[in-house]
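This report describes how selected helices pack against each other and where empty space is found in the structure. Please have the sequence and the model at hand while reading.

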Amino acid sequence: MTTDAVTTQLAERRLTLGIDPEIADRYPDCRTAVVLALGVDNSRPWTRTESELAALETEVADGRRAMPGEDHPAIAAWHSLLRSFGTNPRRMRPSVDALGRRLAKSGRLPRISPLVDTCNLVSLRYTLPTGGYDLDHIRHGFTLRYARPGDVHIPLGQPDVRETPLPGEIVYADGGQVLTRHWNHRDADNTKVTEATVDAVLFLEGISPAIGPEVLERAQRELADRVAPYAASVTLHAFDPARETTVAWSPTR
């Protein structure tokens, strides 16, 4: 075996994607699509993203386009889902709802980084939640499950705060590290995508029939195509409700 082959084996990591069987059975219409983006240049502007976000903001600001409200089938589906496990969706809004309301109110979205901004653009284009995580800070992988005793969440924008998710709350978790509370309401500060992020995993979520598998797949492909010009590699994956999925990947730094 060559030295290069040994180095490659040592560098390779495995990322797991899983859904608790009880949640998979309880919510059979929910699906999570994944884009794995490695070697991303997230430090300089992405012209297409910026121009399309600016156009969207102009359309909303001058009244030519309205953001979907709570009566939109896709938003209503997420509100119903959150209520089903005890979360008030008007206090802990699903991410796509919160994003659209923010744009409707201010006429503008904050610019976080090109990768995050692109996720936000796709989220609004398809009316579905998207999210991103820096793989440098993921230990094992992602499991959609009920919160457990000992779970800890560091809320986005509050790095010194430690939250304990509520009993019965559904979260994405990496071991005992909660990555997103209330399914997709709020991400964690310690795994957020920043301008320094090089390797990332991106989620897109849909609930049928409001967002069917074909729409989710189309959004996943569009997000991948938008990221690809700025990444060393982009691959598509999905959470399998029936079994844990393992994705092998090699860090780019």
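A crossing of two helices is called left-handed if the near helix is turned anticlockwise from the far one by less than a right angle, and right-handed if clockwise. The model discussed here is a predicted one.

**Helix packing**

By this definition, the crossing of α6 and α7 is right-handed. Helix α6 covers residues 114–126 and helix α7 covers residues 213–227; they pack at an angle of about 150 degrees, and their axes are 10 Å apart. Angles over 145 degrees count as roughly antiparallel, and α6 and α7 are therefore roughly antiparallel to each other. On the side of α6, the contact is made by Leu115, Thr118, Cys119, Leu121, Val122, Arg125 and Tyr126. On the side of α7, Val215, Arg218, Ala219, Glu222, Leu223, Arg226 and Val227 take part. Sorted by class, the residues of this contact comprise nine nonpolar, one polar and four charged.

Helix α6 also packs against α5, here at an angle of about 95 degrees, with the axes 10 Å apart. Angles from 65 to 115 degrees count as roughly perpendicular, which means that α5 is roughly perpendicular to α6. In this contact, Val96, Leu99, Gly100 and Leu103 of α5 meet Asn120, Ser123 and Leu124 of α6. The contact of α5 with α6 contains four nonpolar, three polar and no charged residues.

**Empty space**

Rolling a probe the size of a water molecule over the atoms shows where empty space is left. The table lists the largest cavity and two pockets.

| Space | Volume | Nonpolar lining residues | Polar lining residues | Charged lining residues |
|---|---|---|---|---|
| Largest cavity | about 40 Å³ | four | two | one |
| Largest pocket | about 840 Å³ | 16 | 10 | six |
| Second largest pocket | about 150 Å³ | four | three | five |

How many cavities of 30 Å³ or more are found in the whole structure? The search finds one. The largest cavity is lined by Pro68, Ile75, Val96, Asp97, Gly100, Leu124 and Thr127. Helix α5, residues 95–106, provides the largest share of this lining, with three residues. Val96, Gly100 and Leu124 line the largest cavity, and these residues also belong to the contact between α5 and α6.

The largest pocket holds about 840 Å³ of space. It is lined by 32 residues, of which Ser95, Val116, Asn120, Leu156 and Asp187 are the closest to its centre. The elements that each give two or more residues to this lining are α5, α6, β3 (130–134), β8 (186–187) and β9 (200–207).

The second largest pocket has a volume of about 150 Å³. Its lining consists of Ser43, Arg44, Pro45, Trp46, Thr49, Glu50, Arg111, Ile112, Ser113, Pro114, Asp117 and Glu195. Two or more residues of this lining come from each of α3 (47–61) and α6.

**Backbone details in two loops**

Which residues does a cis peptide bond join? The bond lies between Ser208 and Pro209, and its omega is about 5 degrees. Pro209 is located in the loop between β9 and α7.

A further detail concerns His182, which lies in the loop between β7 (177–181) and β8. The phi of His182 is near 50 degrees, a positive value in a residue other than glycine.

Terms used:
Residues numbered from 1 in each chain as written. Predicted model: local features only at pLDDT ≥ 70, side-chain atom pairs only at ≥ 80, totals over all residues. Heavy atoms only, no water. Axes fitted to C-alpha atoms, helices over the stretch in contact; angles between N-to-C directions. Helix = DSSP H or I, 4+ residues; strand = E, 2+ residues; numbered from the N terminus. Parallel < 35°, antiparallel > 145°, perpendicular 65-115°, else oblique. Contact = heavy atoms within 4.5 Å. Nonpolar A, V, L, I, M, F, W, Y, C, P; charged D, E, K, R; others polar. 1 Å grid on protein atoms, 1.4 Å probe; cavity = no way out; pocket = protein on both sides within 12 Å on 5 of 7 lines; lining within 4 Å. Points joined across faces, edges and corners; volume = space filled by probe spheres on them.
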